[in-house]
Amino acid sequence: MFRSIYIRVVVALVVAFTACSKSDTVLPDPTVGLTKIASGYASGAAAKVEVYALSGNLTSGHQPLWIALYDSISEKRITQAQVTMLPMMDMGTMKHSSPVENPASQTAVNQLFPGAVVFIMSSMGGSWTIDINVLNNGKAGKLTIPVTVAEPAQKRMLSFTSAIDNTTKYFLAMVEPAKPKVGINNLEFVLYKKASMMSFPADSSLSIFFEPEMPTMNHGSPNNVNPVHTGLGHYKGKVNFTMTGLWRLQLQLKNGTQLAKADSLDIDF
């Protein structure tokens, strides 16, 4: 009898502990290390929207953004939805958009919907907003957020008209290295072409060649890999920084053998 009671007590404790463990399971916060730059409600979609960035200081160039969605009543996370972004610059006498990377899937990645905006100018020329459009379980809504975009200490984007046809306008933005280090670094660019004031499709028509140099030290570095197109306008390669300091990436963008643009971007760390 005592053995039977003992077994029942042990089983009850195991069940209680298991139930408690399941109910008390807390998933890691996916926004740790990010900065919330805006929040509000997508009216009509029954969703609260939070927008996160790497920091609260947005600059021109490629800016990764993450969207968190919550049910407006239960406040539970929404992990299945269609999210699109539309950046708009109001210059008073005219308006235009900019290149944008919308979340690739309707399924959240680590509870967030990742995307990016390439701001092609700072807020000095006008005012930026981003429309966050949400389609949640058949219900559509929109949240419009104002954002302030500054010029970075070192530019991470080139805008140019192709020297080949003197017509086509391109925007080349550096994605990596975001945190340069001594040694081999990932080097990534994204290339867009201006089709209209509202359309900036990703482009793969150009090849990117580069040489890194330290202008104050008069030397370069070995073992660099020219970026090649990997999809959706993204070009990936490798750059070797052999020491800290000011490095200049001498860039050539070509269509076949024809030079569309020669320019440079600096990286100082």
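# Close-up views of a predicted model

**View 1. The second largest pocket has a volume of about 450 Å³.** The model shown here, as in every view, is predicted. Lining this pocket are 18 residues. Nearest its centre lie E101, N102, G115, A116 and H234. Four elements each give two or more residues to the lining of the second largest pocket: β4, β7 (100–101), β8 (113–119) and β14 (183–193). Sorted by class, this lining holds twelve nonpolar, four polar and two charged residues.

**View 2. The largest pocket has a volume of about 530 Å³.** Its lining is made of 23 residues, and the closest to the centre are L54, T59, Q63, R156 and A178. Two or more lining residues come from each of β3, β4, β13 (169–176) and β19 (258–268). Which element gives the most to the lining of the largest pocket? Strand β4 does, with four residues. By class, eleven lining residues of the largest pocket are nonpolar, eight are polar and four are charged. Pockets like these can be found by calculation. Rolling a probe the size of a water molecule over the atoms shows where empty space is left.

**View 3. The largest nonpolar core has 38 residues.** Those with the most contacts inside this core are V49, I67, L69, I130 and I132. Take V49 as an example. Setting aside residues up to four places away in sequence, V49 touches A38, S39, G40, A42, I67, A68, L69, I132, V134 and L143. Apart from the largest core lies another, of 22 residues. Among the residues of that other core are L187, L206, M214 and V239.

**View 4. S60 sits in the loop between β3 (58–59) and β4 (61–71).** Is S60 buried or exposed? S60 counts as buried, because its relative accessibility is 7%, and the cut-off for buried is under 20%. The S60 side chain makes a polar contact with the side chain of E151, at 3.0 Å. Neighbours within four places in sequence aside, S60 is in contact with F119, M121, S122, V149, A150, E151 and P152. E151 thus appears twice here, as a polar partner of S60 and in the list of its contacts.

**View 5. A81 lies in the loop between β4 and β5 (82–90).** A81 has a relative accessible area of 3%, so this residue is buried. Which residues are in contact with A81, leaving aside its neighbours within four places in sequence? They are L69, S105, Q106, F113, L135 and N136. L69 is also one of the residues with the most contacts inside the largest nonpolar core. The chain also brings A140 into this view. A81 and A140 are 59 residues apart along the chain, and their C-alpha atoms are separated by 9.9 Å.

**View 6. D131 is found in strand β9 (residues 127–136).** D131 is buried, because its relative accessible area is 13%. What does the side chain of D131 make a polar contact with? The partner is the side chain of T144, at 2.7 Å. Not counting residues up to four places away in sequence, D131 touches T84, M85, L86, K142, L143 and T144. L143 is also touched by V49.

**View 7. The peptide bond from E176 to P177 is cis.** Its omega is near 5°. P177 lies in the loop between β13 and β14. Most residues other than glycine have a negative phi, and most peptide bonds are trans.

**View 8. N166 has a positive phi, near 55°, and is not a glycine.** N166 has its place in the loop between β12 (157–161) and β13. Is N166 buried or exposed? N166 counts as exposed, because its relative accessibility is 61%, and exposed means over 50%.

**View 9. L232 has a positive phi of about 55°, although this residue is not a glycine.** The loop that holds L232 runs between β16 (225–231) and β17 (234–241). With a relative accessibility of 72%, L232 counts as exposed.

Notes: Residues numbered from 1 in each chain as written. Predicted model: local features only at pLDDT ≥ 70, side-chain atom pairs only at ≥ 80, totals over all residues. Heavy atoms only, no water. Core = buried A, V, L, I, M, F, W, Y, C linked by side-chain atoms within 4.5 Å. Buried < 20%, exposed > 50% of the residue type's maximum accessible area, 1.4 Å probe, protein only. Contact = heavy atoms within 4.5 Å. Polar contact = N/O pair within 3.5 Å; in protein donor to acceptor, adjacent residues only side chain to side chain. 1 Å grid on protein atoms, 1.4 Å probe; cavity = no way out; pocket = protein on both sides within 12 Å on 5 of 7 lines; lining within 4 Å. Points joined across faces, edges and corners; volume = space filled by probe spheres on them. Nonpolar A, V, L, I, M, F, W, Y, C, P; charged D, E, K, R; others polar.
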